[in-house]
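Me: I would like to learn how to read protein–DNA contacts and chain symmetry in a model. Can we go through one case?

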Protein chains: 2
Amino acid sequence: MSVTDISMSQTDITYTHPMGRWQPDARGRLGAAAIELYLSQGFEATTVAQIAERAGVTERTFFRYFGDKREVLFAGSQELLDAAIAAVRNAPDAPALDLVAAGVDAAAGILQLRQDHARVRQSILDANPSLQERELLKMAALTSGMASALVERGVDPVDAGLAASLGVSVFSQGFVRWIAADERRDYLEIVRESFERLRALAG
Amino acid sequence: MSVTDISMSQTDITYTHPMGRWQPDARGRLGAAAIELYLSQGFEATTVAQIAERAGVTERTFFRYFGDKREVLFAGSQELLDAAIAAVRNAPDAPALDLVAAGVDAAAGILQLRQDHARVRQSILDANPSLQERELLKMAALTSGMASALVERGVDPVDAGLAASLGVSVFSQGFVRWIAADERRDYLEIVRESFERLRALAG
DNA sequence: GTCTATAGGGCGATAGAC
DNA sequence: GTCTATCGCCCTATAGAC
């Protein structure tokens, strides 16, 4: 049950840091500190104060960058979402489910590059229902984002919602299999096979 | 994006209340008080202390019945889950997607009886992402519950997961349409039409 | 039942960059 | 002067420990 996220550091790299009073990249340091602590002590046992201290900032600064303690683990999910939606938007004309497949392919292709990180992150999520909830919310955002992109391309709204749901189901279920220890195939391959199975199931 | 829950009062009705020192059905009163306050003041603005006071119990009692402030809105979702899983288990032999359809039918049939309440509850959820997260977790539980039931009946695990996901997608999307003000059809009808569309999409 | 740690938000102050 | 990042200290409610 889960997917998402890539980079821990999401700082705006086009902005040259003033390099004055404070160390640059507070966001990146907070993200790294959080993952280290969540891994070594567990998510619940880690306080925001500890994260902030390790990153050399105050608690208040943590909440400036991340709305809550969970959000720090989802810094990369926006990138995934954007890539998927862009792919749906730009795919060559085709039936709705194929457009969604293009979006899912794009997202899987990004995750693919960081299987090690995905596994670490997933091990943290697996132990915490409250993190799983957040993950589900991100997946719901992916669903509605792709659905909107389909509607923009002229797909009927009901069909768009269903097709996007199917795509995200394939993506999520494929993810679980992909990070399993004994799985040798790559993510894209798994996702594509799942789409085939899905067509068979419905037909 | 949402579904679930029926009754606010989930007290064990087979148990005859002692009717002694305390008013009976503390759980039911807490549930009713919470919904009233969430509606009139908003979810965030309502404190557990207010709910407890209105129900005539202490804060501590609230947390004895409900794990957290959100859970009070999901008292009925277990019933829905159980009904769906039982239906999948007991449906006559058929392809996986038809078994899932039986489960979804059962759940929709229950919700059907309380459209007014479903609308009220949904209006509270719509305004609060943290409640939407919890709803998604319940839907995920429904998915994995139905998937397990399918596996028990001999369906391949991967197919089971996909089929259950499809079913829950239909259920959730159908729910949104069903509670829309201008929708005249009943929930079961909408759900059945969605299954048809889904087959068309994949075919 | 009571007690307490912690999440998370409000807001003005401060120290730099431009 | 303006803007932006951070601090620091305020607060309350949640949720869990005892």
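Reply: Begin with the backbone of B:Lys69: one of its N or O atoms lies 3.1 Å from a phosphate oxygen of DNA strand D. Keep in mind that this is a predicted model.

Me: Which other polar backbone atom is 3.1 Å from a phosphate oxygen of DNA strand D?

Reply: One that belongs to B:Val48. B:Val48 is also among the residues that come nearest to the strand, along with A:Thr58, A:Thr61, A:Arg64 and A:Tyr65, out of 17 residues around it.

Me: What does the side chain of A:Thr61 do at a phosphate oxygen of DNA strand D?

Reply: A side-chain N or O atom of A:Thr61 is 2.3 Å from a phosphate oxygen of the strand.

Me: How much of the strand's contact with the protein is sugar or phosphate, and how much is bases?

Reply: Count the atoms of DNA strand D within 4 Å of the protein: 71% belong to sugar or phosphate, and the rest are base atoms.

Me: Which helices supply the surface near DNA strand D?

Reply: Helix 3 (59–65) of chain A and helix 3 (59–65) of chain B each give at least two residues. Helix 3 of chain A has the largest share, with four residues. By class, this surface has six nonpolar, five polar and six charged residues.

Me: How are chain A and chain B related?

Reply: In general, two copies of a chain are related by a rotation about an axis and a shift along it. Here a rotation of 179 degrees, with 0.0 Å of shift along the axis, superposes chain A on chain B with an RMSD of 0.2 Å. That is the relation of a two-fold axis. Both copies use the same surface: 100% of the contact residues of chain A recur in chain B.

Key
Residues are numbered from 1 along each chain as its sequence is written. Chains are lettered from A and ligands numbered from 1 in the order in which they are written. This is a predicted model: local features need pLDDT of at least 70, side-chain atom pairs count only at pLDDT 80 or more; totals for chains, interfaces and linings use all residues. Side-chain values use heavy atoms; hydrogens and water are left out. A residue is near a molecule or strand if one of its heavy atoms lies within 4 Å of it. A polar contact is a pair of N or O atoms within 3.5 Å; within protein, one must be able to donate a hydrogen and the other to accept it, and residues adjacent in sequence count only if both atoms are side-chain atoms. Ala, Val, Leu, Ile, Met, Phe, Trp, Tyr, Cys and Pro count as nonpolar, Asp, Glu, Lys and Arg as charged, and the others, Gly among them, as polar. Copies are superposed by least squares on the C-alpha atoms of residues with pLDDT of at least 70 in both. Contact means heavy atoms within 4.5 Å.
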